[in-house]
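Please open the structure in your viewer and keep the selection panel at hand. The tour below goes from one selection to the next and says what is there at each stop.

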Amino acid sequence: MAISVDSTQTNRDFTQKAGYTFTFLSDPNTEAIKRYDLVHQGQGENGHDIARPAEFLVDSTGTVRWVNLTENYWVRARPEQILEVAKTLPN
Amino acid sequence: MQVRKFNWALWAGFLLSLGAFLSYFFVFVWFPSTRDFPWANLLLFVLAIVLLVLGLRRGFSSERSHRLRSKIVSSIVTILGVLVCAFFIFVVFVSGRWLPSSHGAPQVGQKAPEFSLSDKNDKSVSLAELLATPINGKAPRGVLLVFYRGYW
């Protein structure tokens, strides 16, 4: 599931173009982004706040099982790395 | 009279430095193995700088006609090529690290903060709902939350 400040319209267009079927959520007012302490101030268009890149794996009880807060914008979690952790989640 | 020869090493080195810069953003960024550490681009920059140095030496050789102009042009082009390389290193290794520290982000073992946001069809979706909605007829074992900068 992906979260950004992009509008629902942007997400509609983008997911259609890219063929993504998982959930894209819009957080234009950085509500969830603030709650996860991921606000990157003034980095968006017209000085709007955006999210810094981050990934969380949450188990079915709502507990965080794995976190990736990259220190460098160009370095991101790899899918195989996340799948490896996902295997350890309880059923 | 001496024949003016084209200083190909100099210009090839300069073009290669531009290519080494642009190819990261247009090509290599799409592959994790060349994105996380830009070794392919750094290799191209090394080649570019070798060519620029060869070109610079040639520009300063006494065999050239228009000796002063040749020196000035080869110096400027070499400096520009090196600046492109320096700018690349700055973008990837320095400004890429300008991210907030996020000390308050939920940690392993903590409860993920609840939220409710609109999906692409303007339908409100909460984390609790995502965790409870069956996928392929089975309860999900978890949810991966990916926060990204946006503006796609």
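Which residues point one way from β5(A), which point the other way, and are they buried or exposed? Select strand β5 (residues 54-59) of chain A, where strands (E, at least two residues) and helices (H or I, at least four residues) are DSSP runs numbered from the N terminus. A:Ala54, A:Phe56 and A:Val58 point one way, while A:Glu55, A:Leu57 and A:Asp59 point the other way, and all are buried, a word that here means under 20% relative accessible area, with exposed meaning over 50% and partly exposed in between (1.4 Å probe, protein chains only).

Before going further, note that this is a predicted model, in which local features need pLDDT of at least 70 and side-chain atom pairs count only at pLDDT 80 or more, while totals for chains, interfaces and linings use all residues. Residues are numbered from 1 along each chain as its sequence is written, chains are lettered from A and ligands numbered from 1 in the order in which they are written, and side-chain values use heavy atoms, with hydrogens and water left out.

**The partners of β5(A)**

Keep β5(A) selected and add strand β6 (residues 64-68) of chain A, which pairs with β5(A) in the antiparallel sense over 4 bridges; two strands pair if DSSP finds at least two bridges between them. A:Asn68 in β6(A) is the bridge partner of A:Glu55, and in the hairpin of these strands, which has 4 residues between them, A:Gly62 takes a positive phi near 90 degrees.

Now add β3(B), with which β5(A) pairs in the antiparallel sense over 6 bridges, and find A:Val58 opposite B:Val143. Strand β1 (residues 2-4) of chain A also pairs with β3 (residues 142-147) of chain B, in the parallel sense over 2 bridges, and there A:Ile3 stands opposite B:Phe147.

**The interface**

Next, show both chains: 64 residues of chain A are in contact (heavy atoms within 4.5 Å) with 54 residues of chain B. About 5400 Å² is buried between chain A and chain B, 59% of it on carbon and sulfur atoms, buried area being the accessible area (1.4 Å probe) that two parts lose on being put together, summed over both. In chain A, select A:Met1, A:Tyr36 and A:Trp74, which lose the most area to chain B, together 15% of what that side buries.

**Salt bridges**

The count between chain A and chain B is 3 salt bridges, each a side-chain nitrogen of Lys or Arg within 4 Å of a carboxyl oxygen of Asp or Glu. Select A:Arg78 and B:Asp36, whose closest N and O atoms are 3.0 Å apart; A:Arg78 is partly exposed at 27% relative accessible area, whereas B:Asp36 is buried at 18%. Adding B:Arg35 completes the selection of a network of salt bridges that links A:Arg78, B:Arg35 and B:Asp36.

Within chain A, A:Arg65 and A:Asp59 meet in a salt bridge (2.7 Å, N to O), with A:Asp59 buried at a relative accessible area of 1% and A:Arg65 partly exposed at 43%.

**Two loop residues**

Finish with A:Thr30, in the loop between β2 (24-26) and α2 (31-35) of chain A, where phi is near 45 degrees, a positive value in a residue other than glycine. A:Asn46, in the loop between β3 (39-40) and β4 (50-51) of chain A, has a positive phi near 55 degrees. A:Thr30 is buried, with a relative accessible area of 4%, whereas A:Asn46 is exposed, at 76%.
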